[in-house]
Amino acid sequence: MLLAGGAALLAALPSARATTAVATPACDWPVTVSYDGVNALGPDQSATYWFLAYTNVPGGRLRFEGTYAAARYFSLTVQDQAAITLGSLRDSNLDADPGSVNPFQPGPDGGPQGTPGVGSYTAYLDFGVRPAHPAPNTFYTGRTLETLPDGTPVPNTSGTVVYRVYVPNDANDPKGSVALPRVFLETGASSAELSFSQCQAMPPPVHGPLNDETNGASRPDVVPRTKPLSKDYDRPDFVPIQAGDFTDPVTSGVPQPAGSSIPHRKGVPLANADFPYLRSQITRYYGEVAVVRFKAATFPDTRRGQPIVGPYQVRYWSICNHGAIEETGLRTTGCLVDH
């Protein structure tokens with residue numbers, strides 16, 4: 001599968017080790033996903049994703065204290081238990097703390113008003129329902145995208161927060177030369193920081209060598225070239241990704257009537273609210289080479305010193321290749337990135 005658009009499809013579902021936000025002590029950002037880390041469900045080669053699991057606490061909220069990353073893009077996104085995106089806050093929408101400036105916002109001269117990697121912000125994840133006029137620097141967990149038969153919205157009880165960083169200025173520092181946001185649980189008048197101190201360590205990355213082995217492996221002709229059942233392979237145009245692109249390959253392999261009883265969710269799992277995605281289904285059945293022809297959008301080449309704020313068509317684009325979700329879990333095998 002090829003993915004193109006604002007970026008490649010995002011990260012993996014939270015690990016069973018992801019501790020809920022109500023635990024004390026708890027683990028903030030215990031799960032990291034990247035091409036060289038947990039390479040599943042299509043991580044972009046120029047991005048890293050950190051996951052935090054939460055459980056709604058009535059009347060409570062999470063507070064994130066961070067520094068603007070020296071990177072092309074970063075954001076905080078909230079998902080429900082099915083990894084459906086409910087809301088997000090991106091870099092340019094995060095108002096700076098008093099005395100700081102947001103380098104992702106334009107200054108009086110039209111250029112950036114600050115330097116990436118400098119300046120602080122405070123964001124909030126409120127466990128309530130999103131009001132008609134949201135509070136500044138705040139996103140909400142209170143409802144899923146689903147409704148009951150009578151139209152009543154389905155409450156959301158838990159899920160994950162994803163912190164994303166794309167194209168750090170320093171290619172050797174995926175966090176963008178700043179620390180990960182500190183996370184605090186606020187309940188009433190009390191506030192407690194979630195800590196790494198008692199987290200179970202993540203296993204060392206094994207996907208770097210595994211990526212090399214996979215990408216260098218041959219695809220011998222003795223492997224049968226079976227025509228795919230899906231007609232999507234007959235004309236591999238790029239089309240917008242839908243929720244069923246991820247659930248259908250799995251549920252279609254489940255014996256009936258169990259497969260048909262699984263509901264089709266609204267929204268797109270693991271979606272980045274700021275980046276649209278297009279997909280094209282490709283197969284060796286029709287040949288050895290897939291050719292993609294396109295006109296590239298303009299973008300801020302931050303690795304070469306261009307400012308983020310400017311007359312660009314997009315902030316970022318890439319085209320990535322992935323194995324089929326039902327076979328490889330959308331393992332990334334390579335990306336063509338704008339810069």
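# Aromatic pairs, cores and sheets

Colleague: In this predicted model, are Tyr-68 and Tyr-121 buried or exposed?

Modeller: The cut-off that matters here is a relative accessible area under 20% for a buried residue. Tyr-68 falls in that class, and Tyr-121 does too, so that both residues are buried.

Colleague: How many residues apart in sequence are the parts that the pair of Tyr-68 and Tyr-121 ties together?

Modeller: The protein has a count of 17 aromatic pairs. One of them joins Tyr-68 and Tyr-121, whose rings are tilted at 50 degrees between the planes and lie 5.1 Å centre to centre. Because Tyr-68 sits in the loop between strand E4 (60-67) and strand E5 (71-80), whereas Tyr-121 belongs to strand E7 (residues 120-126), the parts tied together are separated in sequence by 53 residues.

Colleague: Which strand gives the largest share of the largest nonpolar core?

Modeller: That core has 31 residues, and those with the most contacts inside it are Trp-29, Leu-62, Phe-64, Phe-74 and Tyr-163. At least two residues each come from strand E3 (47-55), E4, E5, strand E6 (85-90), E7, strand E11 (158-168) and strand E12 (182-187). The largest share, 4 residues, is supplied by E5.

Colleague: How many of the residues of E5 are buried, and which strand pairs with E5 over 9 bridges?

Modeller: Strand E5 is mostly covered, with 10 of its 10 residues buried. Its antiparallel pairing with E6 is made through 5 bridges, one of which sets Gln-79 opposite Thr-85. Asp-80 of E5 has Gly-159 as its bridge partner, and the antiparallel pairing over 9 bridges is with E11.

Colleague: Which residue in the hairpin of E5 and E6 takes a positive phi?

Modeller: The hairpin has 4 residues between its two strands. The positive phi, near 65 degrees, belongs to Ala-83.

Colleague: Which residues are linked with Phe-74 into a cluster by ring pairs?

Modeller: Leaving aside neighbours within four places in sequence, the contacts of Phe-74 include Tyr-68, Phe-104, Tyr-121 and Tyr-163, as well as Arg-90, Asp-91 and Leu-94. The ring pairs themselves link Phe-74 into a cluster with Trp-50, Tyr-68, Phe-104, Tyr-121 and Tyr-163.

Colleague: Which strands stand at the edges of the open sheet of 5 strands?

Modeller: The strand order is E8-E7-E4-E12-E13, with mixed pairing. The end strands each have a single partner, so one side of each is left without a neighbour in the sheet, and these edge strands are E8 (138-140) and E13 (190-193).

Colleague: Which residue of E12 stands opposite Leu-62?

Modeller: Strands E4 and E12 run antiparallel to each other and pair over 6 bridges. Across this pairing, the residue of E12 that stands opposite Leu-62 is Leu-185.

Colleague: How far apart in space are Pro-300 and Arg-72, C-alpha to C-alpha?

Modeller: Pro-300 lies in the loop between strand E15 (277-280) and strand E16 (318-322), and at 1% relative accessibility this residue counts as buried. Setting aside residues up to four places away in sequence, Pro-300 touches several residues, among them Arg-72, Tyr-312 and Val-314. Pro-300 and Arg-72 are 228 residues apart in sequence, while their C-alpha atoms are separated by 7.8 Å.

Colleague: What percentage of the contacts with a separation of 6 or more comes from residues 24 or more positions apart?

Modeller: The protein as a whole has 4 helices and 17 strands, and 45% of its 339 residues are buried. Of the contacts with a separation of 6 or more, residues 24 or more positions apart account for 72%.

How values were computed. Residues are numbered from 1 along each chain as its sequence is written. This is a predicted model: local features need pLDDT of at least 70, side-chain atom pairs count only at pLDDT 80 or more; totals for chains, interfaces and linings use all residues. Side-chain values use heavy atoms; hydrogens and water are left out. Rings of Phe, Tyr and Trp (its six-membered ring) pair if their centres lie within 6.5 Å; planes under 30 degrees apart count as stacked, over 60 as edge-to-face and the rest as tilted. Buried means under 20% relative accessible area, exposed over 50%, partly exposed in between (1.4 Å probe, protein chains only). A nonpolar core is a set of buried Ala, Val, Leu, Ile, Met, Phe, Trp, Tyr and Cys residues joined through side-chain atoms within 4.5 Å. Contact means heavy atoms within 4.5 Å. Two strands pair if DSSP finds at least two bridges between them.
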